[in-house]
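User: I'd like a close look at the charged side of this one. Start with a single side chain, then work outwards to whatever it leads to.

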Amino acid sequence: MSVETAASGPVMQKQRHLVRSGAREAGGSRGSSGRQEGPGGLWDSVKKAGFVIGSGILFLAAFGNSLTWHLQRFWGASGDFWQNLWTKLYVAYEGHDASLFFLGTMLAPTLAFWGSNALLLWVDITGTPSFITRYRIQLDKNNPVDPAKLRQALKCVLFNHVVISGAMTVVVYYLMSWRGNPCGPELPTFHWALMELAAFSILEEILFYYSHRLFHQPSLYKHYHKQHHEWTAPIGVVSIYAHPLEHVISNLLPVVSGPVLLGSHLSTTSLWYCVALVSTTISHCGYHLPFLPSPEFHDFHHLRFNQCFGVFGILDRLHGTDSKFRQSKQYERHTLLTSFTPLNESIPDTQKKGQ
């Protein structure tokens with residue numbers, strides 16, 4: 001017995017050592033695999049974002065010259081018309097650049113914002129025409145909108161748009177005048193204006209995402225951002241329904257920073273303000289209408305609060321703040337609607353058990 005035990009001791013120890021080593025290797029392999037292959041990880045997001053951005057760059061490199069050539073032909077055909085129109089306006093306001101800048105950055109964006117919201121408000125208040133209400137995202141909300149709640153929102157929106165945005169326009173004018181002349185006699189070239197609009201969009205995505213997430217911190221949310229989220233089912237006009245501090249930091253700064261940094265011309269600045277206001281109106285409108293950008297992304301943010309903080313969703317993908325959205329029906333519907341069948345009908349909600 002003692003001989004067998006003595007002989008088997010080293011063998012058993014060796015076997016136990018091999019078993020422990022194998023277990024450690026298996027565990028290490030699982031841990032490495034979990035780090036590398038875990039779904040939704042930051043590295044996975046970076047790779048996917050890089051693929052999307054890289055594909056976009058290759059597409060622009062391949063087709064950009066052809067696309068801009070056709071657009072340039074259109075611009076060139078009407079370029080003299082716009083330049084002559086601007087020259088007349090420039091001469092009429094000669095020596096009054098501040099008035100011209102204020103007019104250009106307030107009048108055109110105001111018409112764009114309230115013009116796009118006029119029809120939406122009519123539909124929200126009356127519930128007609130039914131052709132549009134069919135495309136409501138949250139079918140059981142704002143049907144029609146609460147008049148008292150709407151009146152309260154409109155007071156805040158008017159104050160932000162006229163007083164806060166008006167004061168910001170004055171600040172922006174002096175900042176841009178310090179850099180150069182935003183009301184110069186020559187309009188920017190088509191390619192330069194296109195490049196500026198692309199730069200504005202990227203800068204807005206960065207500044208809006210991080211400032212928006214900042215206002216979702218509990219202390220700031222309670223005192224400032226909660227007001228905007230009173231509308232869990234938003235409508236177009238509440239896109240600037242916010243506390244004045246939030247309106248300055250999260251709504252205005254991401255939009256005005258681009259033109260200030262690039263020293264843009266008034267024409268490009270005014271066009272960008274119009275685009276930004278119409279874009280945020282569509283994001284908040286509550287209707288997924290045919291041939292318009294999808295508002296599902298930001299509508300989901302109002303519904304869930306802790307998802308979808310950005311404009312385009314690039315930074316949300318990188319930071320994983322769209323994970324729940326990507327598992328939802330709203331994500332399946334987050335596409336350009338190219339038919340007249342509402343996506344709530346073509347991609348219906350999953351029926352719960354017992355229904």
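What is the relative accessible area of Arg326, and does that make the residue buried, partly exposed or exposed?

Analyst: Arg326 comes out at 27% relative accessible area, so it is partly exposed (buried is under 20%, exposed over 50%, partly exposed in between, with a 1.4 Å probe and protein chains only). Keep in mind that this is a predicted model, where local features need pLDDT of at least 70 and side-chain atom pairs count only at pLDDT 80 or more, while totals for chains, interfaces and linings use all residues. Residues are numbered from 1 along each chain as its sequence is written, and side-chain values use heavy atoms, without hydrogens or water.

What does Arg326 do with its charge? Its side chain meets that of Asp322 in a salt bridge, 3.1 Å from N to O (a Lys or Arg side-chain nitrogen within 4 Å of an Asp or Glu carboxyl oxygen). The two partners sit in unlike surroundings: Asp322 is buried, at 5% relative accessibility, whereas Arg326 is partly exposed.

Searching the whole structure turns up four salt bridges. Another of them joins Asp349 to Arg333, with N and O 2.6 Å apart. That pair links distant parts of the chain: Asp349 belongs to the segment after H13, Arg333 to the loop between H12 and H13, and their positions lie 16 residues apart in the numbering (helices here are DSSP runs of H or I, at least four residues, numbered from the N terminus). Here the arginine is the buried partner, with Arg333 at 3% relative accessibility. Asp349, at 49%, counts as partly exposed.

Next comes Glu345, which bridges to Arg134 with the closest N and O atoms 4.0 Å apart. Glu345 lies in helix H13 and Arg134 in the loop between helix H4 (130-133) and helix H5 (147-179), so this pair ties together parts that are 211 residues apart in sequence. Arg134 itself is partly exposed, at 35% relative accessibility.

Arg134 has a second contact worth following. It lies over the face of Tyr135, 5.6 Å from the ring centre (the charge, NZ of Lys or CZ of Arg, has to be within 6 Å of the centre and within 35 degrees of the ring normal). Elsewhere, Lys149 takes up such a position over the face of Trp231, at 4.4 Å from the ring centre.

Tyr135 then leads on to the rings. It belongs to a cluster in which ring pairs link Phe131, Tyr135, Phe291 and Phe340. In total, the whole structure has 16 aromatic pairs (Phe, Tyr or six-membered Trp rings with centres within 6.5 Å; planes under 30 degrees apart are stacked, over 60 edge-to-face, the rest tilted). One of the 16 is Trp86 with Tyr90, a tilted pair at 6.4 Å centre to centre and 35° between the planes. Those two are four residues apart in helix H2 (residues 42-92), so about one helical turn separates them. Trp86 is buried at 8%, and Tyr90 is partly exposed at 21%.

Back in the cluster, Phe291 and Phe340 have ring centres 5.9 Å apart and planes at 75°, so they make an edge-to-face pair. This contact also spans distant parts of the chain: Phe291 is in the loop between helix H9 (266-284) and helix H10 (296-304), and Phe340 is in the loop between helix H12 (329-332) and helix H13 (343-346), 49 residues apart.
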